[in-house]
Amino acid sequence: MMDTIQLPHGLVHGELSVEEAIATRRSERDFSRQPMSLDELSHVLHYSSGITERRYRLRAAPSAGATYPIEIYPVVNNVEGLARGIYHYVILSHELEKLREGDFRQEMAQASLRQSMVSEANVALVLSAVFQRTRRRYRERAQRYIVLETGHIAQNIYLVATSLGLGSCAIGAFHDEDFNLLLGLDGKEESVIYIMVVGKIRKEQALV
């Protein structure tokens with residue numbers, strides 16, 4: 001039986017308005033070793049792609065025909081209360097499924113062309129697509145809609161992270177096959193599309 005972790009429902013709230021988050025959002029690549037809280041991770045996941053309307057199970061990001069092809073796999077490096085490893089975000093129940101426990105920082109850095117921020121960030125949110133969910137309704141236009149939805153979720157991650165004082169950066173340069181292998185995806189029915197790293201920003205020490 002797969003281990004599951006119920007994420008906190010008493011979500012923390014950022015101090016920035018939407019307009020302030022947009023104005024101050026930047027791609028952050030330099031992360032500290034300070035741990036990220038489980039509350040912060042829960043908040044980022046919920047407001048990036050979580051359920052925000054219960055009756056029809058509508059989510060934080062728009063989806064063509066509510067087909068919701070995107071899955072999120074947090075690869076945890078340094079989050080309080082979570083062992084290092086690969087998890088799957090179960091959106092409907094706001095839980096994490098632990099898929100593989102272990103330190104995968106080196107493998108991720110290799111698979112992303114040695115981009116050190118993947119191993120230095122508190123968590124890497126790997127976004128994959130289950131293509132048939134959208135393809136069976138929209139056929140040849142499915143690929144376009146899937147890519148658009150990935151962008152919606154990624155921007156949500158950027159803005160939510162910014163509102164919490166966290167850093168985030170999108171990664172598009174990586175070896176698809178290596179990340180699919182890491183997550184146990186077949187690369188055909190489901191494949192990695194995008195990676196977002198999130199974490200505590202390294203701040204320069206004040207001069208004294």
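This dialogue concerns how to read several features of a predicted model.

Reader: Which secondary-structure elements does the chain have, and how many of them?

Author: In this predicted model, the chain contains 7 helices and 9 strands.

Reader: How does one judge the radius of gyration of the chain against that of a compact globule?

Author: One compares the value with the one expected for the number of residues. For 208 residues, a compact globule would have a radius of gyration near 17 Å, and the chain has 16 Å, which agrees. The C-alpha trace spans about 60 × 35 × 35 Å along its principal axes.

Reader: What share of the residues is buried, and what share of the contacts joins residues at least 24 apart?

Author: Buried residues account for 49% of the 208 residues in the chain. Of the contacts between residues at least 6 apart in sequence, 74% join residues at least 24 apart.

Reader: How is the packing of helix α2 and helix α6 to be described, and at what angle do they pack?

Author: Two helices are described by the angle and the distance between their axes. Here helix α2, residues 38-49, packs with helix α6, residues 142-163, at an angle of about 140°, and their axes are 8 Å apart. Angles over 145 degrees would count as roughly antiparallel; α2 is therefore oblique to α6. The crossing of α2 and α6 is right-handed.

Reader: Which residues make that contact, and how do they divide into nonpolar, polar and charged?

Author: From α2 come His43, Val44, Tyr47, Ser48 and Ser49, and from α6 come Ile153, Asn156, Ile157 and Val160. The residues of this contact comprise 5 nonpolar, 4 polar and no charged.

Reader: Why is a positive phi worth noting in a residue other than glycine?

Author: It is worth noting because most residues other than glycine have a negative phi. In this chain, Arg57 has a positive phi near 55°, and Arg57 is located in the loop between β2 (51-53) and β3 (58-59). Tyr68, also not a glycine, has a positive phi of about 45°.

Reader: Where does Tyr68 lie, and is Tyr68 buried or exposed?

Author: Tyr68 lies in the loop between β3 and β4 (70-76). Its relative accessible area is 12%, so Tyr68 is buried.

Reader: How does Glu20 count in terms of relative accessibility, and how far is Glu20 from Gly199 in sequence and in space?

Author: Glu20 belongs to helix α1, residues 18-24. Its relative accessibility is 41%, and so Glu20 counts as partly exposed. Glu20 and Gly199 are 179 residues apart in sequence, and their C-alpha atoms are 19 Å apart in space.

Key:
Residues numbered from 1 in each chain as written. Predicted model: local features only at pLDDT ≥ 70, side-chain atom pairs only at ≥ 80, totals over all residues. Heavy atoms only, no water. Axes fitted to C-alpha atoms, helices over the stretch in contact; angles between N-to-C directions. Helix = DSSP H or I, 4+ residues; strand = E, 2+ residues; numbered from the N terminus. Parallel < 35°, antiparallel > 145°, perpendicular 65-115°, else oblique. Left-handed = near helix turned anticlockwise from the far one by under 90°. Contact = heavy atoms within 4.5 Å. Nonpolar A, V, L, I, M, F, W, Y, C, P; charged D, E, K, R; others polar. Rg over C-alpha atoms; globule rule 2.2 N^0.38 Å. Buried < 20%, exposed > 50% of the residue type's maximum accessible area, 1.4 Å probe, protein only.
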